[in-house]
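Please open the structure in your viewer and keep the selection tool at hand. This tour moves from one selection to the next and says what is there each time.

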Amino acid sequence: MTSAVLGANSALQLGSGASPQVYTTIAEVLRCGPIGSTAPEVDVTNLDSTAKEYIGGLPDGASVEFDVNFIAGNTQQEALRDGVGNTINLKMVWSGSPESSAKFDLVLLSFMRGETTPESQQTATISGRISGDITWT
């Protein structure tokens, strides 16, 4: 039997920037892209080496994109819209037993209202790049 867990009841939260940090759930998140980092390989082969040698470089945060049902007047969504170009604090909380989470800074690069059609909800897509370390719990 699988131990897989659905993404339902997970939450993406916006930090207050205060100390201590207070997180508030961003309303009606539809999807959150992958959160993580990658490290490049650094070639450290030298004249004493008998084969290629490598070490891991500095981790590089991923680009993250998430979609929301747009809600006019929503405080968190307005902060995301008005914060493009700034660094924000985010926390992703995944449902499960036990819960797991990732806290990270995100350089907010875009806030785009979604395509508007007569038969679809109004959405927005927010994207940015993780800056610095990710705190996993």
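What follows is a walk through a predicted model, taken in a few stops.

Begin by selecting helix H1, which covers residues 75-82. Within this helix, Gln-76, Gln-77 and Leu-80 are buried, and because they span an arc of only 100° around the axis, they lie on the same side of H1. An α-helix has 3.6 residues a turn, so residues three or four places apart point the same way. Now turn to the other side of H1, where Thr-75 and Asp-82 are exposed. Thr-75 counts as exposed because its relative accessible area is 56%, and for Asp-82 the corresponding value is 54%. If you add Thr-24 to the selection, you will find its C-alpha atom 9.9 Å from that of Thr-75, although the two residues are 51 apart along the chain.

Stay with Asp-82 and show its side chain together with that of Arg-81, since the two form a salt bridge in which the closest N and O atoms are 2.8 Å apart. Arg-81 is partly exposed, at 38% relative accessibility.

How many salt bridges are there by the rule used here? The count comes to five, so the next selections visit others. Select Asp-60 and Arg-129, whose closest N and O atoms are 2.7 Å apart in a salt bridge; this pair links distant parts of the chain, with Asp-60 in strand E7 (residues 60-61) and Arg-129 in strand E11, 69 residues apart. Then show Asp-43 and Lys-52, whose side chains meet in a salt bridge at 2.8 Å, N to O. Here Lys-52 is exposed, at 56% relative accessibility, whereas Asp-43 is partly exposed, at 39%. Finally, select Arg-31, Glu-65 and Asp-67 together, which are linked in a network of salt bridges.

For the rings, select Trp-94 and Trp-136, which form a stacked aromatic pair, 6.3 Å centre to centre with 10° between the planes. A search of the whole structure finds one aromatic pair. Trp-94 lies in strand E9 (residues 87-94) and Trp-136 in strand E11 (residues 123-136), so that the pair joins distant parts of the chain, 42 residues apart. Next, show Phe-70 and Arg-113: the charged end of Arg-113 sits over the ring of Phe-70, 3.6 Å from its centre.

End on the surface with Val-42, Val-44 and Ile-55, which form a nonpolar patch with about 210 Å² of accessible area together. Ile-55, in strand E6 (residues 54-56), is partly exposed, with a relative accessible area of 48%.

Note on methods:
Residues are numbered from 1 along each chain as its sequence is written. This is a predicted model: local features need pLDDT of at least 70, side-chain atom pairs count only at pLDDT 80 or more; totals for chains, interfaces and linings use all residues. Side-chain values use heavy atoms; hydrogens and water are left out. Rings of Phe, Tyr and Trp (its six-membered ring) pair if their centres lie within 6.5 Å; planes under 30 degrees apart count as stacked, over 60 as edge-to-face and the rest as tilted. Helices (H or I, at least four residues) and strands (E, at least two) are DSSP runs, numbered from the N terminus. A charge sits over a ring if NZ of Lys or CZ of Arg is within 6 Å of the ring centre and within 35 degrees of the ring normal. Patches are made of residues with over 30% relative accessible area and no salt bridge: like charges are joined within 9 Å, nonpolar side chains (Val, Leu, Ile, Met, Phe, Trp, Tyr) within 5 Å. Accessible areas come from the Shrake-Rupley method with a 1.4 Å probe; for residues, only the protein chains shown count as cover. A salt bridge is a side-chain nitrogen of Lys or Arg within 4 Å of a carboxyl oxygen of Asp or Glu. Buried means under 20% relative accessible area, exposed over 50%, partly exposed in between (1.4 Å probe, protein chains only). The arc is that of the directions from the helix axis to the C-beta atoms.
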